[in-house]
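Let's take a walk through a protein chain together, from the overall picture down to single residues. Have your viewer ready and follow along.

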Amino acid sequence: MTVRVILRSVFSIAQLLAALVLGGTALAFTLAALGPSLADIWGAKSTSSAPIDLSILEQTTVVYDANGDLIAELRAEIDRESLPLGEMSPEIINTVLAVEDAKFYEHTGVNVAAITRAAVTNVSAGGIEQGGSTITQQLVKLGVVGDEQVLERKIPEAAIAMRLEEQMTKEEILERYMNAVYFGGGAYGVQAAAELYFNKDASALDYGESALLAGLISNPSLYDPVYRPTNALTRRNTALGRLVAEGFITQDEREIWNNSPLPRYRQLEGEKFLDTYFVEEVKRTLLDDPRLGETRADRINTVFQGGLEVYTTFDPVAQALAENAMAQEFPQNDLGIISALVSVEPGTGAVRAMIGGPGFEQFEFNVTTQKGRPTGSSFKPFALAAAIEHGGFLPSDSINASSPCEFDNPGGFPNPYEAGDYNGSRRTGAMTIEDHTLRSTNCGYLRISQLVGLNNVVDTAKDLGVTESNIEAVISLPLGPYDITPLEMANAYATIANDGIRVEPHLITSVVQGSTVLIEHDPKPFRAVRPQTARLVTDVLEKNVACPKACTGRRAQLANHPAAGKTGTGQSNYDAWFVGYTAQLATAVWIGGQEGQISMRYDWRDPEQNRDDYVRAFGEFADAGVTGGSLPAIIWGRFMNDYMAGLPIVEFVDPEPGRRGERLALDIENEEPEIVRISPCGNERAEVDQDGDGDVDWCRPQAPIAVPELGCPALLVPVDRPPKDGVPDECVIGDAPEGAYDPLTTTTTIAPEGGEGEGGDGDGGEGDGGDGGEGGDTTVAPETTAAPETTAAPTTTAAP
């Protein structure tokens, strides 16, 4: 220790003793209390082993979007953002010094005069009422000895403050203090406080604002301008008086600043996206990453107090367009039905938009990542890819189209396994795999999957991107009975769009702490299927969207860009999906029950259902039921049309020419089962198969029929005749589709598009296929329980 330092220390202690002695008789007890500790002050000050730990200065973690703009601050209960002293306004520096420590640049860590004044007050009060602490002592209190106001604490605090002044410059001490002091509302440091109360940077604070902030330091709760404005006004005026006394402002200026309005609420610029599903998923991802700490407690400390800079994939334009599409096409309802959407960029895996439910403030559970739902026929493209990749099949190959169908299912339930297509309609002959996909047949895809091998279908789905959800090789697999998250579905389709190369989906590109990069995303590209396989699947799914009438994805068509996609409808219209992609973006849309399985189809036989509620929720689809080809496809189309507007048109790569199609046969299918068929027109003579594909397209005019026990046939409409009692009296012919004509008479019928029943997807009905949305899926999907509970997917037994 140098002579200069020793002399300076001795002088400081001498000042302290002299001041206490001069305090007179009133300080006798205080001096007696301090006397035995003076040696401790010198010992604490002179030993190098006494730690000065200022690691208290935690910093707020900030989250940026893909453009580098702030979208959130992960502040938990602490918000601290470090700022160099030179970037703080002179007004806030002068005001804090005037209020807290006017002699800061004159003392050596302890202000003897201030201690003397405080001591008189404290002895009279019988305890600590005034602190008398310098800014250096306050910094020591924050970082070393704690905040409890007891006289014994003052001794080591003063000693360490004197030693700290020898180790740091005045500017370094002041900068640390300005970034550490608490201003209330979770804000630590002047930058966080400036944002909290004034929505501005600390560099822009004026004297009026600075006086309010400096006044908060002594008691942030008591002088809170939002909750205690009268106290805040008084305290601000006191702080302005200190500025006058120190010569920083005039009395006239004091009056002007004192008449300025107080902030009426806390303005958290960084929180406009704080309670969104995307930001919450970022937070969840960070807290699960071992690179940010060995234990969860360590990671919590790093995430909320480590001053991280988190750079994400979030596209605010895509998010705004997604939210607009959802709001316009699917307003919130009273039925407990919610929707979700997630978009992934092919080739990078970047998640660009995320709607995890009706709003995080209403439903703090992210459907897109935390709970899968039965996918219905949107799973079929994985079976198609497996047939091409592992079976060597082509979309032009044909296979038996007979429906209903029955298969041996040894060891599974039920055995035999029975399935049917939409509305229990009878189909004979054969169709190409492409047509099976476009019409979303169930029986056809059950045959295709057994031919290629169910294990191969499982492996292909996992390779494409279904990596988190559990799926097994049960006979009903291609009909989508398993719970899969929308993020997995979007990423698996993005893999197909990316020529068969899977890239891990991610929300975070990098995490930086100071100059250290803690996390940097590794895309881990993986060849899932051959390019030719991906291109053949895309070619089929593009037709599913582009065809003008019969295909299930037609409502998802884009105005100027090629698109590919597939619908999916769960058992009894419990879940409805549309998953599709362009070359630039893959998006999954899901609609279903918030707290379990709720049928999205009005049932007039259920006295507890109110048709008006269903009409408000589902519009024209209330009676026929929501299917993947209805609202999900409409939402998808609106969002993607808006998102793709202005982007370059990128055509899908055509598959290479292949062999001619062949007829495929399945030798394990049982003999033709007994067929019990209900005509969708109520009378086979009224059926019109306009395009000769085996499906009934509309019904010829006929007299109304009585309502059958199971309700009106699919293409008839229930009518409640006067006097109306809420119960249908008869079933009448619905409107024929626009441009319909009768092949027997060649008469063209012009009618609005309505009452078409959204047939043909091959999934979404009851066990007999009779009340499904897009088609009579005979599987019973695993029950979806209320989130966030996790339900087990079916085991190796077939779903009924």
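The paragraphs below go from the whole chain to its cores, a helix, a hairpin, a small sheet and the disulfides.

First, some ground rules. This is a predicted model, in which local features need pLDDT of at least 70 and side-chain atom pairs count only at pLDDT 80 or more, while totals for chains, interfaces and linings use all residues. Residues are numbered from 1 along each chain as its sequence is written, and side-chain values use heavy atoms, with hydrogens and water left out.

Start with the chain as a whole. It has 24 helices and 27 strands; these are DSSP runs numbered from the N terminus, with helices being H or I of at least four residues and strands E of at least two. Of the 800 residues, 55% count as buried, where buried means under 20% relative accessible area, exposed over 50%, and partly exposed in between, with a 1.4 Å probe and protein chains only. The accessible surface comes to about 33,600 Å², and 50% of that belongs to carbon and sulfur atoms. These areas come from the Shrake-Rupley method with a 1.4 Å probe, and for residues only the protein chains shown count as cover. Among contacts between residues at least 6 apart in sequence, 68% join residues at least 24 apart; a contact means heavy atoms within 4.5 Å.

Now look inside. In soluble globular proteins, nonpolar side chains tend to be buried together. Here the largest nonpolar core has 82 residues, and Leu286, Phe382, Ile471 and Leu477 touch the most other members. Such a core is a set of buried Ala, Val, Leu, Ile, Met, Phe, Trp, Tyr and Cys residues joined through side-chain atoms within 4.5 Å. Apart from the largest core lies another one of 48 residues, among them Ile93, Ile173, Val190 and Leu216. Back at Phe382, and leaving aside neighbours within four places in sequence, the contacts are Thr460, Ala461, Leu464, Val466, Met489, Ala492 and Tyr493.

Helix H22 (residues 531-546) is a good one to check with a ruler. At 1.5 Å a residue, its 16 residues should span 22 Å, and the end C-alpha atoms are 22 Å apart, which agrees; the expected span is 1.5 Å times one less than the number of residues. Its buried residues include Arg535, Leu536, Val537 and Asn544. What do the buried residues of H22 pack against? Their partners are helix H17 (380-389), helix H18 (433-438), H21, strand S18 (564-569) and strand S19 (575-581).

One of those partners, helix H21 (residues 486-497), holds Asn491. This residue counts as buried, at 4% relative accessibility. Not counting residues up to four places away in sequence, Asn491 touches Val344, Gly349, Leu464, Gly465, Arg502, Val503 and Pro505.

Val344 leads us to a hairpin. Strand S6 (residues 337-344) and S7 pair in the antiparallel sense over four bridges, and two strands are said to pair if DSSP finds at least two bridges between them. The bridge partner of Val344 in S7 is Val351. Six residues separate the two strands, and Gly347 in the turn has a positive phi of about 95 degrees. Five of the five residues of strand S7 (residues 351-355) are buried, so this strand is largely enclosed by the rest of the structure.

Further along the chain, three strands form an open antiparallel sheet in the order S23-S25-S24. Strand S23 (705-706) and strand S24 (716-719) are its edges, each pairing on one side only. Two bridges join S23 to strand S25 (residues 730-733), and Ala706 stands opposite Glu730 in S25.

Finally, how many disulfides does the structure hold? There are two, a disulfide being a pair of cysteine sulfur atoms within 2.5 Å. In one, the sulfur atoms of Cys405 and Cys443 are 2.2 Å apart. This pair links distant parts of the chain, with Cys405 in strand S10 (residues 405-407) and Cys443 in helix H19 (residues 442-452), 38 residues apart. Its torsion about the S-S bond is -90 degrees, a left-handed link. Cys405 is buried at 2% relative accessibility, and Cys443 is buried at 0%. In the other, the sulfur atoms of Cys681 and Cys699 are 1.9 Å apart. The torsion about the S-S bond of Cys681 and Cys699 is about -90 degrees, so this disulfide is left-handed.
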